[in-house]
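Please keep the viewer open and follow the selections in the order in which they come. Each stop says what to select and then what is found there.

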Amino acid sequence: MAVIGFIGLGHMGAPMAKNLVKAGHELIVFDIVQEVVGELVSLGASAVESVQAFAGKKLDYMITMLPSSPHVESVYIAQDKLLEKLCSDTLVIDCSTISPEMARKVASAGKKYGIEVIDAPVSGGTVGAENATLTFMVGGSEQAFKSAESILLAMGKNVFFAGENGAGQVCKICNNMLLAITMIGTAEAIQLGVANGLDPTVLSDIMQKSSGKNWVLDCYNPYPGAMENVPASAGYQGGFMVDLMAKDLGLALESALATKSSVPLGGLARNLYALHAAAGHGQLDFSSIQKL
């Protein structure tokens with residue numbers, strides 16, 4: 001079994017870390033929220049009091065699940081400078097969703113210290129994290145991918161090699177842009193049906209068996225009461241926050257600008273999620289766009 005460091009025990013990171021413990025790996029964790037750290041320790045993990053405390057530890061893997069590019073840069077390069085302090089045979093797996101440029105920057109910095117870095121953002125939400133059914137999109141060397149594959153499969157069901165460093169992040173922002181567009185379109189269609197007197201569950205069932213069928217209708221219905229065990233039926237609590245979706249859509253637009261790509265629906269989705277967040281819904285699940 002591997003010795004794994006893990007930084008970032010949020011809505012996604014905590015269940016991912018728990019699955020590594022369940023798989024029998026030796027886990028050393030850090031997060032600024034002590035309650036969730038204590039929960040992991042109660043399951044058999046050990047904890048450190050700071051990022052710097054990972055320095056010199058004999059780790060097979062160092063996994064991070066952080067909110068954004070600045071957080072990843074702070075941990076690995078700028079403030080904590082973890083890449084300078086890890087043992088050279090540690091493989092760094094960053095599962096955060098960040099810009100492809102930042103993923104490449106961290107990987108390049110790692111090479112200066114003989115550290116291999118891969119970007120491995122995920123899809124599947126908190127349910128996928130809890131059930132170890134996540135999809136990982138990996139950018140980096142093929143050798144590093146093969147080394148990380150068994151560890152990623154302890155947290156997920158599908159692991160794809162996307163290409164060189166940054167490729168995993170490109171896949172993730174494309175996927176999330178499509179997810180946001182699909183969520184908005186589905187919410188809009190259901191709302192139109194309800195406004196015309198239809199039962200949202202009946203309409204959803206019909207569309208699931210028709211040409212409007214999509215993942216949102218199958219797994220993540222945004223209308224309250226139309227589906228059990230989804231955020232929409234729990235006051236839009238849990239899941240993937242509006243603020244994070246708006247952040248990911250911003251990354252997609254940055255990439256579009258950099259590559260001179262046209263993404264009109266992606267741009268509209270970013271504006272709608274920014275508007276929804278500005279109305280005070282940033283901490284709700286992204287399916288709460290139904291409210292808008």
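Accessible areas here come from the Shrake-Rupley method with a 1.4 Å probe. On that basis the chain exposes about 13200 Å², of which carbon and sulfur atoms supply 55%. The coordinates belong to a predicted model, and this should be kept in mind at every stop.

**The whole chain**

Begin with all residues selected and the cartoon switched on, which displays 12 helices and 9 strands. Along the principal axes, the C-alpha atoms fill a box of roughly 65 × 45 × 35 Å. A compact globule of 292 residues would have a radius of gyration near 19 Å, and because the chain has 20 Å, the two agree. Colouring by relative accessibility will mark 52% of the 292 residues as buried. If contacts are drawn between residues at least 6 apart in sequence, 63% of them join residues at least 24 apart. With the charged side chains shown, the mean positions of the 19 positive and 27 negative charges turn out to be 4 Å apart.

**Helix α1**

Next, select residues 13-22, which make up helix α1; 8 of its 10 residues are buried, so this helix is largely enclosed by the rest of the structure. The buried ones are Gly13, Ala14, Pro15, Met16, Ala17, Asn19, Leu20 and Val21. Move on to Gly24, which follows α1 and has a positive phi, near 95°.

**Two non-glycine residues with positive phi**

Select Lys81, in the loop between α3 (69-76) and α4 (82-85). Its phi is positive, about 50°, although Lys81 is not a glycine. With a relative accessible area of 35%, Lys81 is partly exposed. Then go to Ala132, which lies in the loop between α6 (125-131) and β8 (134-139); Ala132 is likewise not a glycine, yet has a positive phi of about 55°.

**Ala180 in helix α8**

Now centre the view on Ala180, found in helix α8, residues 167-195. Is Ala180 buried or exposed? Its relative accessibility is 0%, and therefore Ala180 counts as buried. Leaving aside residues up to four places away in sequence, Ala180 touches Met245, Leu249, Ala269 and Tyr273, so displaying those side chains shows what lies against it, given that contact means heavy atoms within 4.5 Å. For a distance label, use Val202, which is 22 residues from Ala180 in sequence and 23 Å from it in space, C-alpha to C-alpha.

**The aromatic cluster**

For the last stop, show the aromatic rings, among which the structure holds 4 aromatic pairs. Trp215 and Tyr220 form one that is stacked, at 5.5 Å centre to centre and with 20° between the planes. At 44% relative accessibility Trp215 counts as partly exposed, whereas Tyr220, at 12%, counts as buried. Phe240 and Phe286 form an edge-to-face pair, with 6.0 Å from centre to centre and 75° between the planes. This second pair links distant parts of the chain, since Phe240 sits in the loop between α10 (215-219) and α11 (242-259) and Phe286 in the segment after α12 (264-281), 46 residues apart. Both Phe240 and Phe286 are buried. Finally, select Trp215, Tyr220, Phe240 and Phe286 together, as these residues form one aromatic cluster.

Notes: Residues are numbered from 1 along each chain as its sequence is written. This is a predicted model: local features need pLDDT of at least 70, side-chain atom pairs count only at pLDDT 80 or more; totals for chains, interfaces and linings use all residues. Side-chain values use heavy atoms; hydrogens and water are left out. Buried means under 20% relative accessible area, exposed over 50%, partly exposed in between (1.4 Å probe, protein chains only). Helices (H or I, at least four residues) and strands (E, at least two) are DSSP runs, numbered from the N terminus. Rings of Phe, Tyr and Trp (its six-membered ring) pair if their centres lie within 6.5 Å; planes under 30 degrees apart count as stacked, over 60 as edge-to-face and the rest as tilted. The radius of gyration is taken over C-alpha atoms; the globule rule is 2.2 Å times the number of residues to the power 0.38. Lys and Arg count as positive and Asp and Glu as negative; His and the chain ends are not counted. The place of a charge is taken as NZ of Lys, CZ of Arg, CG of Asp or CD of Glu.
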